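Visitor: I am new to this structure. Please choose a single part, describe it closely, and then show what else can be said about the rest.

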Amino acid sequence: MRQVAELAGVGVKTVSRVINGEPNVTAETAQRVLDAARALDYEPDLHAGNLRRADRRTRTLGLLVGSVDNPFAGAVHRAVEDAAAGRGVAVFASSLDDDPQREREAVSAFLRRRVDGLILTTATAKQTYLLPELRRGTPIVFVDREPSGIEADAVVSDNAGGAARAVEHLLSHGHRRLAYLGDLRGITTAHHRREGFLDAIRGGGIPAADVHVIEDLHDESSAREALLRLLDGPDAPTAVFSAQNLITIGALHALRDRGRHRDTALVGFDDIELADLLEPGVTVIAQHPEDLGRIAAERVFARLDGDASPAHRVVVGTTLIVRGSGEIPPRS
């Protein structure tokens, strides 16, 4: 704070007032202070009293996930908490909702609380804003989505390989007219799943004209509407690959709305609750979020324990779970 004050040409108390949003500071002075804080990568310390320990650790982690109401994110969260609890470490968690601004705000909130490390699912195109923290030595591990613009540990699923396996499964059952229902195209996992899907389509010798690719679906409602339009069209697909769990739920609603759930094959990426209790059961490419969260936490703690090796990229495999919907043969 003293360094910020010197750079801005003000007193330490003025810096404190600006950082804490207190009144009686002119707009010009406040701007000088904020500019100085940014130039010095300054973050206010909300728990300075906790930093008197020799290792200056706060025994906390910051965890950013897609959305806590998504079971996938919830499973990642639980795995991180379980790993952290064994070390007496608390986890601060926040939802991303695929909003870059919300991402930056959440990360800033974690850093103000001086967390010992970060485990992040991100939506920004590049995460170069985290470079100052990496230079400070803050362990940062990306989970589910890989970083861009910086070198950091990442723990991800085999998105492309899992999507390709789904297509190969559908092709093996005779399908040639397929549909891809994908998430927001700016999301790295969606990009990799789309590429895996298209690679398998090309490998199977399927003409592009026989494949519907619909993207920027991010919830059940948009996925349902998109598939309804395809089912009502002249070249309705005989098989559907839904590339995200909420999209799969929307696709199931559409198929049942049109009475097509018994004659249109469906394979979803990521498992969904009660998938085995439906008729037919839902065939999925299952991720393992519990492994993603556990390994991400292990990477953070390894860095905190002194691991200075180059950035690690850990790819967690997926599992094809056959339940019935992906084995429906094509309609004549």
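Guide: The account below begins with one strand, follows its partners and the helices beside it, and then turns to other parts of the model. The model is a predicted one.

The chosen part is strand E6, which covers residues 178-181. Which residues of E6 are buried on its two sides? Leu 178 and Tyr 180 are buried on one side, and Ala 179 and Leu 181 are buried on the other, so that both faces of the strand are covered. In a regular strand, side chains alternate between the two faces of the sheet.

Strand E6 has partners in E7 and E8. With E7, strand E6 pairs in the parallel sense over 4 bridges, and Tyr 180 has Val 213 of E7 as its bridge partner. With E8, the pairing of E6 is again parallel and comprises 4 bridges; here Leu 181 stands opposite Ser 242.

The route from E6 to E7 involves a helix. Strand E6, helix H8 (residues 188-203) and strand E7 together make a right-handed β-α-β unit. Within H8 lies Gly 196. Gly 196 has a relative accessible area of 3%, and it therefore counts as buried, the cut-off being under 20%. Apart from neighbours within four places in sequence, Gly 196 is in contact with Ala 160, Ala 163 and Ala 164. Gly 196 and Leu 217 are 21 residues apart in sequence, and their C-alpha atoms are 18 Å apart in space.

A further helix, H9 (residues 220-231), also belongs to this picture. Its buried residues are Ala 223, Ala 226, Leu 227, Leu 228, Leu 230 and Leu 231. An α-helix has 3.6 residues a turn, so residues three or four places apart point the same way. Strand E6 is part of what covers the buried residues of H9, and the cover also includes strand E7 (211-214), strand E8 (239-242) and helix H10 (245-257). At the N-terminal end, Asp 219 caps H9, with a side-chain oxygen 3.4 Å from the backbone nitrogen of Ser 221. The length of H9 can be checked as well: its 12 residues, at 1.5 Å a residue, should span 16 Å, and this agrees with the 16 Å between its end C-alpha atoms.

Another part of the model is an open sheet of 6 strands, ordered E2-E1-E3-E4-E5-E11, with parallel pairing. Strand E2 (90-95) and strand E11 (313-316) each have a single partner strand, so one side of each is left without a neighbour in the sheet. On average, neighbouring strands of this sheet are turned by 15 degrees against each other, direction ignored. One of the pairings joins E1 (residues 60-65) to E3 (residues 117-120) through 4 bridges, with Leu 64 opposite Leu 120 of E3. Helix H11 (residues 289-304) lies across E1, E3, E4, E5 and E11, and runs at about 170 degrees to E5.

One last residue is Thr 29, located in helix H3 (residues 27-39). Is Thr 29 buried or exposed? With a relative accessible area of 18%, Thr 29 is buried. Its side chain makes a polar contact of 2.9 Å with the side chain of Thr 26. Neighbours within four places in sequence aside, Thr 29 is in contact with Val 10 and Thr 14.

Note on methods: Residues are numbered from 1 along each chain as its sequence is written. This is a predicted model: local features need pLDDT of at least 70, side-chain atom pairs count only at pLDDT 80 or more; totals for chains, interfaces and linings use all residues. Side-chain values use heavy atoms; hydrogens and water are left out. Two strands pair if DSSP finds at least two bridges between them. Axes are lines fitted to C-alpha atoms, for helices over the stretch in contact, and angles run from 0 to 180 degrees between N-to-C directions. Contact means heavy atoms within 4.5 Å. The expected span of a helix is 1.5 Å times one less than its number of residues. Buried means under 20% relative accessible area, exposed over 50%, partly exposed in between (1.4 Å probe, protein chains only). A polar contact is a pair of N or O atoms within 3.5 Å; within protein, one must be able to donate a hydrogen and the other to accept it, and residues adjacent in sequence count only if both atoms are side-chain atoms. A crossover is right-handed if, with the strands pointing away from the viewer, the path from the first strand over the helix to the second runs clockwise.
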